[in-house]
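Welcome, and please open your viewer. Let's walk through this structure together, one selection at a time.

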Amino acid sequence: MSAELILVVEDDERIGISLSRALEGAGYRTVWVTTGASALTEAATEQPQIILLDLGLPDVDGLEVCRQLNRNHPDIDVIMLTARDDELDIVTGLDTGAVDYITKPFKLAELLARLRAQLRRSDHASTSERIVVGDLVLDVYARRVFIDGSEVALRAKEFDLLTRLAGDAGHTVTRDQLMTDVWDEHWFGSTKTLDFHIAALRRKLDRPDAASRITTVRGVGFRFESSPIDQSGSVR
Ligand code: CA
């Protein structure tokens, strides 16, 4: 079965790129467009399951795009991205047909959770509810982690961080990306909290006699290993 397709409509390049990356990291397919006109075209040709729609677009008002989408494609769910609280008042006060609303700045972990919830509600079978890496199984909906069938208790942020890393197993995720996705889009300053949480995950997930599941890539970030690595291959 192919992954769900998410259409991202966002004219801010930075947000568009990071959103697409995060969605693909979570197992979805994405199409990213920057205008309302292209959103309407792609909705018709690509038939996405969900559209993440920025309200402030350069050509057509996001509300009008939402109305047209709802009229022409009632089967596609629209989640509106709004920049300000007063915009949110407008969105929620009007019958636009959007199924959910997320206010910027948002945390990617929260957006992914809302997205999954919506996919579940609209009965589109999700491919990303479970992440399996070797003997580790992550149940994303239930927010539970198992190693060899035994549950491991994690704190909320530890779970979010593990989901981000294990969802991209085998690939290095940069410190900036982790801070953005797990903590806040607008984080600044110290990333000490990231190291603190990585240490906690290692303590809880690693076997004392084996190399860590999480490899430190010096000066870059961290990589959740997709297959067991031997001691000599670990980069600690
Ligand atoms: Ca915008």
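**First stop: a helix and its cover**

Start with helix H5: what covers its buried residues includes E1, H1, E3, strand E4 (77-82), strand E5 (100-103) and helix H7 (175-183). Helices (H or I, at least four residues) and strands (E, at least two) are DSSP runs, numbered from the N terminus. Buried means under 20% relative accessible area, exposed over 50%, and partly exposed in between, with a 1.4 Å probe and protein chains only. Before going on, note that this is a predicted model, where local features need pLDDT of at least 70 and side-chain atom pairs count only at pLDDT 80 or more, while totals for chains, interfaces and linings use all residues. Residues are numbered from 1 along each chain as its sequence is written, and side-chain values use heavy atoms, with hydrogens and water left out.

Now select residues 108-121, which are helix H5. Among its buried residues are Leu108, Leu111, Leu112 and Leu115, and also Arg116 and Gln118. The end C-alpha atoms of H5 are 20 Å apart, in agreement with the 20 Å that its 14 residues should span; the expected span is 1.5 Å times one less than the number of residues.

**Zooming out**

Show the whole protein: it has eight helices and 12 strands. Of its 236 residues, 48% count as buried.

**The calcium ion**

Which residues coordinate the calcium ion? Select Asp11 (OD), Asp54 (OD) and Gly56 (O), which do so at 2.2 to 2.4 Å. Donors are N, O and S atoms within 2.8 Å of the metal (3.2 Å for Na, K and Ca); water is not among the atoms, so sites may look incomplete. Asp11 lies in the loop between strand E1 (5-9) and helix H1 (13-25), and Gly56 in the loop between strand E3 (50-54) and helix H3 (62-72), so the pair ties together parts that are 45 residues apart in sequence. Asp11 is partly exposed at 35% relative accessibility, and Gly56 is partly exposed at 39%.

**Three strands in a row**

Select E7, residues 136-139. Leu136 and Leu138 point one way from this strand and Val137 and Asp139 the other, and all are buried. Strand E6 (residues 130-133) runs antiparallel to E7, joined by four bridges; two strands pair if DSSP finds at least two bridges between them. Ile131 has Leu138 as its bridge partner. The E6 and E7 hairpin has two residues between the strands, and Gly134 there takes a positive phi near 60 degrees.

Then add strand E8 (residues 144-147), also antiparallel to E7 and joined to it by four bridges. Asp139 stands opposite Arg144 in E8. Four residues lie between E7 and E8 in their hairpin, and Arg143 in the turn has a positive phi of about 55 degrees.

**Two buried charged side chains to finish**Click on Arg164 in helix H6 (residues 156-166). Is Arg164 buried or exposed? At 13% relative accessibility, Arg164 counts as buried. A polar contact of 2.4 Å joins its side chain to that of Asp181; such a contact is a pair of N or O atoms within 3.5 Å, where within protein one must be able to donate a hydrogen and the other to accept it, and residues adjacent in sequence count only if both atoms are side-chain atoms.

Last, find Glu225 in the segment after strand E12 (221-224). Glu225 is buried, at 13% relative accessibility, and its side chain makes a polar contact of 3.0 Å with that of Arg223. Beyond neighbours within four places in sequence, Glu225 is in contact (heavy atoms within 4.5 Å) with residues including Val133 and Gly170.
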